[in-house]
Amino acid sequence: MRFFTALLVAATLAAAFSRAHAQDQAAMPLKQGSYFVLEGGVNFNAPTNTYNGFAGRDQRANLKTGYAVSGASGYKWANGLRAEGELTYRRNTFKYFDAPTNPYAGRQISLTLMANAIYEFSTGSRLTPYIGAGVGLTMAWLNNLTQLNFAITGFNNTDSSRFAYQGIAGVAIAIAPEWEALMDVRYRVSDGHTFRTNNVAGTFNSLSKYNIRDTTVMAGLRYAF
């Protein structure tokens, strides 16, 4: 009886181990093929250097922490290289120019289209670190930018489009067949924007040499198909 009990226990343990191993194998990272990514997270803007036509001098715009949402689609090769197209929306609110005594309201909004090249490091497990870089275009808007001390709305929905590039570092973990959870950091640079408008007196002014440099931390899911 003890022999049959031990045999039954051994068989049960073996079946459980086999099932766990099969599940682990089924949730391994994508080796090759197409995929789609959806991510969201927070966006941190470095102080933005610009020439302010209203003030007649160089200034530094400081913005609050904002948010970002991103979608991408691409293809992974067996050697770990990935190529993808990415579209990311970022939104941050202004705090002040130069010092807190010069407060501003309004938003900086951008839409960035990137072509990325990413390399994944195989670890033989569910965990896959990766690094990459991208180039593309950033379309930026200043929405209701207002100097609060004088209640002057100088730039209302003005836009600018410039070249952009970014660096990428992150990690993916396989969580189910064809699904991976992602967490990554992206540092984007898009310099030389110009936002043109008329002031309250009807005189032409602009924010020129406006540099956008931000760090975006995101988490999301990747689906292989």
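Strands, like helices, are taken here as DSSP runs numbered from the N terminus, with at least two residues of type E for a strand and at least four of type H or I for a helix. The structure is a predicted model, in which local features need pLDDT of at least 70 and side-chain atom pairs count only at pLDDT 80 or more, whereas totals for chains, interfaces and linings use all residues. Residues are numbered from 1 along each chain as its sequence is written, and side-chain values use heavy atoms, with hydrogens and water left out.

The secondary structure of the protein consists of one helix and eleven strands, and along the sequence these elements follow the pattern α-β-β-β-β-β-β-β-β-β-β-β. Of the 225 residues, 39% are buried, where buried means under 20% relative accessible area, exposed means over 50%, and partly exposed lies in between (1.4 Å probe, protein chains only). Among contacts (heavy atoms within 4.5 Å) between residues at least 6 apart in sequence, 66% join residues at least 24 apart.

A nonpolar core is defined as a set of buried Ala, Val, Leu, Ile, Met, Phe, Trp, Tyr and Cys residues joined through side-chain atoms within 4.5 Å. The largest such core has 13 residues, and those with the most contacts inside it are F94, L142, L145, F195, L207 and Y210. At least two residues of this core are supplied by each of β3 (57-63), β5 (81-97), β7 (127-147) and β11 (204-224). Another core, of ten residues, lies apart from it and includes L30, V37, A172 and A224. In soluble globular proteins, nonpolar side chains tend to be buried together.

On the surface, a nonpolar patch of about 870 Å² is made by F36, L38, L127, I173, I175, W179, L221, Y223 and F225. Patches are made of residues with over 30% relative accessible area and no salt bridge, like charges being joined within 9 Å and nonpolar side chains (Val, Leu, Ile, Met, Phe, Trp, Tyr) within 5 Å; the areas come from the Shrake-Rupley method with a 1.4 Å probe, and for residues only the protein chains shown count as cover. Strands β1, β9 (158-176) and β11 each supply at least two residues of the nonpolar patch. I173, found in strand β9, is partly exposed because its relative accessible area is 38%.

Eleven salt bridges are found in the whole structure, a salt bridge being a side-chain nitrogen of Lys or Arg within 4 Å of a carboxyl oxygen of Asp or Glu. K76, R82, E84, E120, E180 and R222 are linked in a network of salt bridges. Within this network, E84 forms a salt bridge with R82, with the closest N and O atoms 3.1 Å apart; E84 counts as buried at 7% relative accessibility, and R82 is buried at 3%. E120 forms a salt bridge with R222, for which the closest N and O atoms are 2.8 Å apart. Because E120 lies in strand β6 (residues 104-120) and R222 in strand β11, this pair ties together parts that are 102 residues apart in sequence. E120 is buried, with a relative accessible area of 3%, and R222 is buried as well, with 2%. The side chains of R213 and D191 also meet in a salt bridge, at 2.5 Å from N to O, but here R213 is partly exposed at 36% and D191 is partly exposed at 25%.
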